[in-house]
Amino acid sequence: MKKEKFSFRKRARSFGYAFSGIKLLLRDEHNSRIHMFAMTCVIVVGFALDLSATEWCIVALCCGGVLMAEAMNSAVEAIADLVSPEFHPLIKKAKDVGAAGVLMMAIASAVSGLIIFLPKILNLILNS
């Protein structure tokens, strides 16, 4: 395979494709909108609770991880639907495992959120 020369124009175009993917994800995938709503709530509460820089980094990585998992799962599902529009047990397996990845990331993020937010919320309740 011939290696292409570096081009800023091609790199800029690749960002355009990525932003197009984000638009498609939010437009077509209902679960991604649920994740975005949850992420918005977390950000609002994070500002209200005055998270530290480290806590914000963890929240950002968790939010990004869930959205990335959702995007990868959606990509797997789109390819699977193209390859096999009718039911096939291996396609079902691929889709189920992809969905499991999103769920695992969401659970890990929720646990991280509880570890960060719960003590702060309890502190507010107990000290008011």
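Student: What makes Lys 10 and Glu 4 a salt bridge?

Tutor: In this predicted model, the closest N and O atoms of Lys 10 and Glu 4 are 2.7 Å apart. The cut-off is within 4 Å, so the pair counts as a salt bridge.

Student: And why is Glu 4 called exposed?

Tutor: Glu 4 has a relative accessible area of 58%. Exposed means over 50%, so Glu 4 gets that label. Lys 10 has 34%, so it is called partly exposed, since that label covers values between 20% and 50%.

Student: How do you know that Glu 55 and Lys 120 form a salt bridge?

Tutor: Their closest N and O atoms are 3.4 Å apart, and the limit is 4 Å, so the pair qualifies. This one links distant parts of the chain: Glu 55 sits in helix α3 (residues 53-83) and Lys 120 in helix α4 (residues 89-126), 65 residues apart.

Student: Why does Glu 55 count as buried?

Tutor: Glu 55 has 17% relative accessibility, and buried means under 20%, so the label fits. Lys 120 has 24%, so it counts as partly exposed.

Student: What makes Asp 28 and Arg 27 a salt bridge?

Tutor: Here the closest N and O atoms are 2.8 Å apart, and that passes the 4 Å test. Asp 28 is partly exposed, at 38% relative accessible area. By this rule the count comes to five salt bridges.

Student: How do you know how the elements of the chain run?

Tutor: Read from the N terminus, they go α-α-α-α: four helices and zero strands.

Conventions
Residues are numbered from 1 along each chain as its sequence is written. This is a predicted model: local features need pLDDT of at least 70, side-chain atom pairs count only at pLDDT 80 or more; totals for chains, interfaces and linings use all residues. Side-chain values use heavy atoms; hydrogens and water are left out. Helices (H or I, at least four residues) and strands (E, at least two) are DSSP runs, numbered from the N terminus. A salt bridge is a side-chain nitrogen of Lys or Arg within 4 Å of a carboxyl oxygen of Asp or Glu. Buried means under 20% relative accessible area, exposed over 50%, partly exposed in between (1.4 Å probe, protein chains only).
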